[in-house]
Each structure stands twice: as structure tokens, then as C-alpha cells.
Amino acid sequence: MPYPPEATLLASAQRHLYPNYRQPELVMARGEGCQLWDTEGRRYLDLFAGIAVSTLGHAHPRLTRALCEQAGQLLHLSNYFYNEVGVRLAERLCTLSGLSRVFFCSSGTEANEALLKLARHHFYLAGQQQRSTIIAFHNSFHGRTLGALTATGQPKYREGFGPMSGVVHVPFGDLAAVEAALGPEVAGVLVEPVQGEGGVLPAPPGFLEGLRELTRAHGALLLVDEVQTGVGRTGKFLAVQHWGVVPDAVALAKGLGGGVPIGAMLTGEHLAEALPPGSHGTTFGGGPLAAAAAHAVLDTLEAEALMDRADRLGQHLHEALSRLVERFPQHAVTTRGMGLLRVLMLAPEVDARAVMSSLREAGVLLTLAGGQGLRFSPPLVVSAAELDEGVAALTHVLQRL
Ligand SMILES: Cc1ncc(COP(=O)(O)O)c(C=O)c1O
């Protein structure tokens, strides 16, 4: 069936959708692998994966089949009962992460809210109500609900939504600042192993290990936000595994469902009683459909060795982007990242938004991170040829600047 004309859809979108986003004037209709097509039949190379979500690309047969089969069997139940798919998923996540308890929700923001509530309630139940403060980092991003936003360390997201309290922000990478902020009122430290929205900034050497030691020494919890970095994107299931750090609790979301909304908080056994029945919950968390999607993602991570691939192709992309930095030193400052989460930092004078728009007009989709960063977060099934196609288009755009 033909789609309605683009102009009609755009007029309807502009009239009926809440205008809190800044979409370009095109309407996507379908996808396959790392390709998307709009309603006019224009083809795009998807190197952003719906912001690091579409782990398997679009219309992956294993994910499609799992969803159809699950929809025909049991779609929703609520947490009044266990469901078989959700129980098995929790077991797999524990094995993959080395942690031992899973709370399911539906987004990254909710997974971080759970971390914040977990930390406070843990100390509340231990009779240490004064331990309620969270240390988080400048330039971090943890989500948009009031709790997660309070932890987010970027003024542009926070402005106008105050008052916010209970979180102290210190510079990312600065262990001395963390140590100075760690007092008897601190419940936990919340950190992204690679600051994603902040510009794809990996934690500097020794930082995460230092946070582990400091939090342990001060009796506070180490809470890790792996919403963007988790589920194999950096080449390991959790990014913290590159550093050999075991947090007290971790937030996952984005790539876990490959496009179906699911989030998870994973905790160590010592926190299993911090949120007893009645203290926290959500209607949709861990539902059979989302859990079936996550199984399909995890099955494919294994069957197609996608974590090794993220590592290998991440290196390939790193080399290609490094060549751009060498070739266009006036436009590109540096490149950094881990696995298939990488950024090309454009010079301050370059209009990064205009570069992204030109790329889109050339049929390549990327996002911005940290203002001047062109972020690559492709599906983990991306090929070297597809990455090369994206880099070639970017080369043309930089040539024309
Ligand atoms: C590190 C991190 N935490 C939390 C979030 C919020 O996740 P969601 O948009 O699924 O609520 C994001 C989203 O970009 C993120 O990158």
C-alpha cells in the first residue's frame, strides 16, 4: 500500500505531535539491516541505530520471529505473576554481568531511577537515613525524569526544571574531587563508563577502579549507568568489564531490546533486600514481549559473535576516523570511543548540526554528542563496507566545508 504523501504526514506531525523534538522534514517508513527508507523511497544508511538501540539493525529475522511468536503466546501479564521468558532473561543477564538480581523496567531513565531509589532505600533500611546524597559527574546524562535529571550533570537539560536536590556533581575523571565529596551522607556514586551524550568520553585510566576502591572504603555504593554502553556495544557485555570493575548495581536499557522498550537494574546479592515488596515497581517491566526481544538480541550476540565484531569494527572505524583527523585538521580535532560507540570531534568553528544535515542529505544518519561530536553508534551487525560508506560520505562533506 502506498504511503500518504510526505507533505501530508509532515503537516499532520507539525499539527499533532508535541513539538519537544527537532526532527528534519522527512518521515521514515521501514528498515532492513542498517538501511532505512522514508515514505518517498529515499534510502538512508543508519549508523546511529536509534541512539544505540537497534543492536540487530532493522527487521532482523530472529527478532521479528521472536516477537511474532511471543505476541501469539503471551503479550502482557504485569508483575502479579512470574512469566517464563522474563525469568529466563533475568538468569541470562546475571550470568553475563556477574551480578545476581534483576529488576526490569522499560527505559534507561527508569533503570537509573531504580538505582537512585535502591541506594537511598538500602541505607534507609539499614537505619542510616542520613546517607541519601548521590555523587554524579559534570557532563553526565542519566535521563529526563526528575530523579534521573537531578543526577544529570549538564545545565542544558536541567534548566527550568528545578528545584533539584540530593545530588552533588564533581568533574568526570577526578578521583580527588570524588574523595573530597564522599562523606557520611553519601549513599552512592553514579557514573557512566563512557559519557555518551556528553561526547563519548571514556573514563580515564584508573578512574573506575579508583571509584570502586573509594566507594568501598567509604561504605557508599558504586552505581554504573550502562544504558548506552551496555549489551556488547563496547566489545564486552558491560563496558566496566574492560576495567575489571564489579559495581554494586548497573542500569541497562537501549540495546537490550534491540528496539523494543526494556530497561533493567542489575544488583549484587548484598542489595537483594534493599527494595522489598511494595517499595518499587512498574506495570510493564519484564513483560513477555520485551523479554522475548531481549532473548533474541542475546541469542544473536552469541550466534553472530557481535561483541567481537564491535571490537574489531570499532577499531576499523577508529582508524578511518583517525585518517579524517589527519586529513582535515582544520575541521576535525580528534576521535575517541570504545567498540562501536565512537565520536569524531569537529573543530569549534564547524557548524556540527549543518554537517549532520549534509550527511543526511547524502543518505547517512548520525547523531551529535557533546555539542561538536559526530557520534557513530551503528547497529552491531554493521559491516566494514557500510562503515566505509558512511566515512566516505563524511569525507565529501568535510571536503566541501
Ligand atoms: C547513559 C544514559 N543514561 C540514561 C539515558 C536515558 O535513557 P532513556 O532515553 O531510555 O530513558 C540515556 C539516553 O540517551 C543514556 O545515554
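Analyst: In what follows, contact means that heavy atoms lie within 4.5 Å. Keep in mind that this is a predicted model.

User: Thanks! With that in mind, which residues does Phe48 touch, leaving out those up to four places away in sequence?

Analyst: Let's place Phe48 to begin with: it belongs to the loop between β3 (43-46) and α2 (49-52). Its C-alpha is 9.3 Å from that of Leu341, although 293 residues separate Phe48 and Leu341 in sequence. Leaving out residues up to four places away in sequence, Phe48 touches Leu365, Leu366, Thr367, Ser377 and Pro378.

User: What is the strand order of the open sheet of 4 strands?

Analyst: A good way in is through the edges, which are β13 (332-338) and β16 (367-369), each pairing on one side only. From one strand to the next, the twist averages 30°. The pairing in this open sheet is antiparallel, and the order is β13-β14-β17-β16.

User: Which residue of β17 stands opposite Val343?

Analyst: Strand β14 covers residues 341-346, strand β17 covers residues 373-376, and 4 bridges link the two in the antiparallel sense. In general, the strands of a sheet pair through backbone hydrogen bonds, in either a parallel or an antiparallel way. Opposite Val343, on β17, you will find Arg375.

User: At about what angle to β14 does helix α11 run?

Analyst: Look for helix α11 at residues 306-327. This helix lies across the strands β13, β14 and β17, and its angle to β14 is about 5°.

User: Let's move to the open sheet of 7 strands; which are its edge strands?

Analyst: The order of this open sheet is β4-β12-β11-β10-β7-β5-β6, and its pairing is mixed. The strands at the two ends of that order each pair on one side only, and they are β4 (101-105) and β6 (167-170).

User: Do β5 and β7 run parallel or antiparallel?

Analyst: Strand β5 spans residues 133-137 and strand β7 spans residues 186-191, with 3 bridges joining them. As a pair to look for, Ile135 faces Val189 in β7. The direction of these two strands is parallel.

User: Which strands does helix α4 lie across?

Analyst: Helix α4 takes in residues 84-97, and its angle to β4 is about 125°. The strands it lies across are β4, β11 (249-252) and β12 (263-267).

User: In the hairpin of β1 and β2, which residue takes a positive phi?

Analyst: Strands β1 (residues 28-32) and β2 (residues 35-38) pair in the antiparallel sense over 4 bridges, and Met28 stands opposite Asp38 in β2. Between the strands of this hairpin there are 2 residues. The one with a positive phi, near 60°, is Gly33.

User: Where is the loop that holds Pro163, and is the peptide bond from Gly162 to Pro163 cis or trans?

Analyst: Pro163 sits in the loop between α7 (155-158) and β6. Most peptide bonds are trans, as a general rule. The one from Gly162 to Pro163 has omega near 0° and is cis.

User: Now the ligand, please: how many residues surround it?

Analyst: The closest of the surrounding residues are Gly108, Thr109, Asp225, Gln228 and Lys254. By kind, the shell divides into 2 nonpolar, 7 polar and 4 charged residues. Helix α5 (residues 108-125) gives the most to this shell, with 3 residues. In total, the number of residues surrounding the ligand is 13.

User: What share of the ligand's exposed area does the protein bury?

Analyst: Several side chains come up to oxygen atoms of the ligand: a polar side-chain atom of Thr109 is 2.5 Å from one, and a polar side-chain atom of Gln228 is 2.7 Å from one. For the side chain of Lys254, an N or O atom is 3.1 Å from an oxygen atom of the ligand. Taken alone, the ligand exposes 390 Å², and the share of this buried by the protein is 83%.

User: What is the phi of Lys254, about?

Analyst: Lys254 is in the loop between β11 and β12. Most residues other than glycine have a negative phi. Lys254 is not a glycine, yet its phi is positive, at about 25°.

Definitions and conventions: Residues numbered from 1 in each chain as written. Predicted model: local features only at pLDDT ≥ 70, side-chain atom pairs only at ≥ 80, totals over all residues. Heavy atoms only, no water. Near = heavy atom within 4 Å. Polar contact = N/O pair within 3.5 Å; in protein donor to acceptor, adjacent residues only side chain to side chain. Areas by Shrake-Rupley, 256 points an atom, 1.4 Å probe, with all protein chains shown as cover. Nonpolar A, V, L, I, M, F, W, Y, C, P; charged D, E, K, R; others polar. Pairing = 2+ DSSP bridges. Axes fitted to C-alpha atoms, helices over the stretch in contact; angles between N-to-C directions.
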